[in-house]
Amino acid sequence: MDIGILEKGFQQHVDAEKKIEAKDWMPEKYRNTLIRQISQHAHSEVVGMLPEANWITRAPSLRRKVALLAKVQDEAGHGLYLYSAAETLGAERADLVEALNDGSAKYSSIFNYPTLTWADIGAIGWLVDGAAIINQVMLQRTSYGPYSRAMIRICKEESFHQRQGYEMMLTLCNGSPEQKAMAQDALNRWWWPSLMMFGPTDKDSPNSALSMKWKIKRKSNDELRQDFVDNSVPQAKILGITIPDPDLKWNEERGHYDFGTIDWEEFYNVIKGNGPCNRQRVEARKTAWEKGRWVRDAAVAYADKKKNKEKDAA
Amino acid sequence: MSNKKNWPLWEIFIRSRQGLHHKHVGSLHAPDAEMAINNARDVYTRRQEGISIWVVESTAITASAPEDGAALYDPANDKVYRHPTFYDLPDEVGHM
Amino acid sequence: MKQQEVLFQYLLRLGDTNLILGHRLSELCGHGPVLEEDIALTNIALDLIGQSRILLSYAAKAEGQGRTEDDLAYLRDVGQFRNLLLAEVPNGDFAVTICRLFLYSAYTCELLTLLCDSKDEYLAGYAAKALKEATYHLRHSTNWMVRLGDGTAESHHRLQTALNRLWMYIPELFDGDAIDVQLQETGIAPDPNVLKEKWNTRVNAVLAEATLNRPPDQWMGKGGRDGIHTEHLGFILAELQYLQRAYPGNQW
């Protein structure tokens with residue numbers, strides 16, 4: 001069939017809000033864009049485990065410890081669901097993982113910042129998960145069926161993540177002066193990187209238009225970022241800590257908060273690999289993967305042996 | 001395609017409670033069926049989602065082709081006589 | 001020793017072991033050999049820490065001095081911990097991690113089965129719940145023992161090495177003392193020595209299937225139940241207790 005006709009049919013299908021499924025015809029660029037986006041999303045979940053896992057062994061109470069452990073584990077699960085969604089498009093997880101390990105694949109820049117205090121774990125839950133949820137709620141309606149279903153499951157599971165982070169922040173802000181200072185310091189360090197999570201501004205985001213046309217994305221980076229700021233301001237107020245942005249103020253006319261300019265030089269540098277923890281994060285993933293190789297090989301060898309035995313017996 | 005000895009992909013089906021069908025929930029990697037069951041339990045039933053698991057190696061599944069959809073499924077569209085509402089009965093018969 | 005104090009000590013032994021082993025497994029979260037196994041090991045860590053919370057809360061109650069699970073976990077020093085040394089050993093490679101989990105789960109499955117009949121109702125209730133979890137830990141670790149033992153030459157060698165290294169900590173599992181005797185007499189806990197035979201049967205069968213050699217039994221000195229630990233426990237506690245020690249009395 002003529003590719004033009006196929007493309008037209010595809011776009012009509014998408015415009016009618018019908019999902020695209022794995023075996024349906026799709027433009028190669030749609031497939032590749034999805035593989036890239038879904039695998040980056042999966043990498044972000046898996047790399048995102050590391051800064052938080054840092055504090056599992058140091059969690060200050062057993063209740064906090066199990067909550068954090070369960071949360072970080074969920075991220076492994078979410079990475080897994082997402083890799084699975086990418087695999088429906090013909091990618092192989094092992095190849096995607098190799099790309100992460102050799103530094104050629106990207107993941108969310110936020111995880112290249114260090115977790116220095118316990119309050120950082122609260123701030124990550126509150127801000128980073130808060131930002132992620134805004135993006136993920138939108139992606140529940142993405143046009144690719146397996147991605148959409150993975151996001152629905154992820155959103156359901158993540159509903160406790162932001163709450164646990166915010167509760168942690170509340171406890172700190174109602175605690176000793178040292179604890180409150182710890183919370184403020186965490187907000188100071190995580191606020192701007194959280195805003196950067198939504199990516200470049202719309203005018204610097206050339207791929208966005210196509211993603212919107214194909215309904216992979218449903219809202220622009222700047223719209224999502226604005227949602228996040230609007231959500232966060234009253235939450236910070238309840239905590240009694242200050243968002244580190246002197247330009248932050250309510251704009252009656254727009255019905256939104258105005259906010260200051262993001263340091264895009266920092267953003268692009270962290271993306272390029274120059275963030276405070278890029279090297280450690282990739283190194284940690286690589287080490288885990290390489291240390292696990294003999295384990296994975298052993299299981300395959302055992303399965304092969306068993307299959308051969310069954311064959312011989314038959 | 002990678003030439004390394006990767007664990008195969010398995011499709012996971014879970015019965016959420018007694019009386020319901022197993023339903024496809026996603027996939028995962030495992031070296032063999034026994035480990036696939038373990039992994040499915042750990043990955044897909046962390047929140048009491050299931051009481052029974054089926055695992056099927058993905059390569060064992062044969063799917064109908066989307067381009068055959070019109071021939072396979074559209075012919076069912078006009079067989080209205082397969083549905084109870086096709087038949088007119090007087091109200092006094094009651095529920096049937 | 002008063003019955004109450006005996007029960008307190010016994011609960012610490014069980015609770016501390018689960019806490020420390022849960023801590024060890026939680027160190028691996030984010031670093032597993034494959035995502036599926038990362039998730040599996042974290043599930044087990046969550047089970048063990050959950051078990052330790054039940055036991056330490058009950059221990060605090062038995063002690064009757066108003067302490068909490070967190071007081072016991074965060075504010076005791078090395079010499080007051082009562083866990084088995086097996087739990088403290090560093091994770092090492094995946095072979096050590098799995099082998100330790102297997103040896104321990106084979107033990108807890110037998111122990112918890114008997115504790116289900118404890119005259120202490122709370123402990124019996126705990127055992128019924130924990131046994132289900134331990135049964136899965138044993139299943140999962142057994143599956144891996146067989147695959148690593150009978151997998152590749154490298155995995156076999158690594159697992160045999162792990163087994164040889166961990167074997168010195170096994171006698172402590174079955175070494176009863178006055179506390180065990182007293183609890184046995186009151187029908188609260190079993191004689192650890194009776195667990196040994198069943199444990200041996202189970203472990204021998206798995207080692208055979210995994211094509212591993214059972215190491216020769218070794219002598220072992222006083223251990224964790226008397227507060228004499230390996231050098232590792234101090235480092236575990238330094239991490240575990242860091243915030244509570246650095247900011248005394250704060251709520252988190």
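How many salt bridges does the rule find across the interface of chain A and chain C? There are two, where a salt bridge is a side-chain nitrogen of Lys or Arg within 4 Å of a carboxyl oxygen of Asp or Glu.

Before I go on, please keep in mind that this is a predicted model, in which local features need pLDDT of at least 70 and side-chain atom pairs count only at pLDDT 80 or more, while totals for chains, interfaces and linings use all residues. Residues are numbered from 1 along each chain as its sequence is written, chains are lettered from A in the order in which they are written, and side-chain values use heavy atoms, with hydrogens and water left out.

Back to the interface: A:Arg93 forms a salt bridge with C:Glu36, and the closest N and O atoms are 2.6 Å apart. Between chain A and chain C, 15 residue pairs are in polar contact, both residues being at pLDDT 80 or more; a polar contact is a pair of N or O atoms within 3.5 Å, where within protein one must be able to donate a hydrogen and the other to accept it, and residues adjacent in sequence count only if both atoms are side-chain atoms. On the side of chain A that touches chain C, α3(A) gives the most, with 14 residues, helices here being DSSP runs of H or I with at least four residues and strands runs of E with at least two.

As for extent, each of chain A and chain C brings 48 residues to the contact, meaning heavy atoms within 4.5 Å. The area buried between them is about 4,100 Å², and carbon and sulfur atoms give 68% of that; buried area is the accessible area (1.4 Å probe) lost by two parts on being put together, summed over both. A:Leu62, A:Trp294 and A:Tyr302 supply 20% of what chain A buries against chain C, more than any other three residues.

Turning to pockets, the largest has a volume of about 1,600 Å³, a pocket being an open set of points on a 1 Å grid over the protein atoms alone, where a 1.4 Å probe fits, with protein on both sides within 12 Å along at least five of seven lines, and lining residues having an atom within 4 Å of a point. Of its 45 lining residues, those closest to the centre include B:Glu11 and B:His24, although α6(A) gives the most to the lining, with seven residues. The second largest pocket, of about 1,200 Å³, is lined by 44 residues, with A:Gln40 and A:Asn135 among those nearest its centre.

Notes
Points joined across faces, edges and corners; volume = space filled by probe spheres on them.
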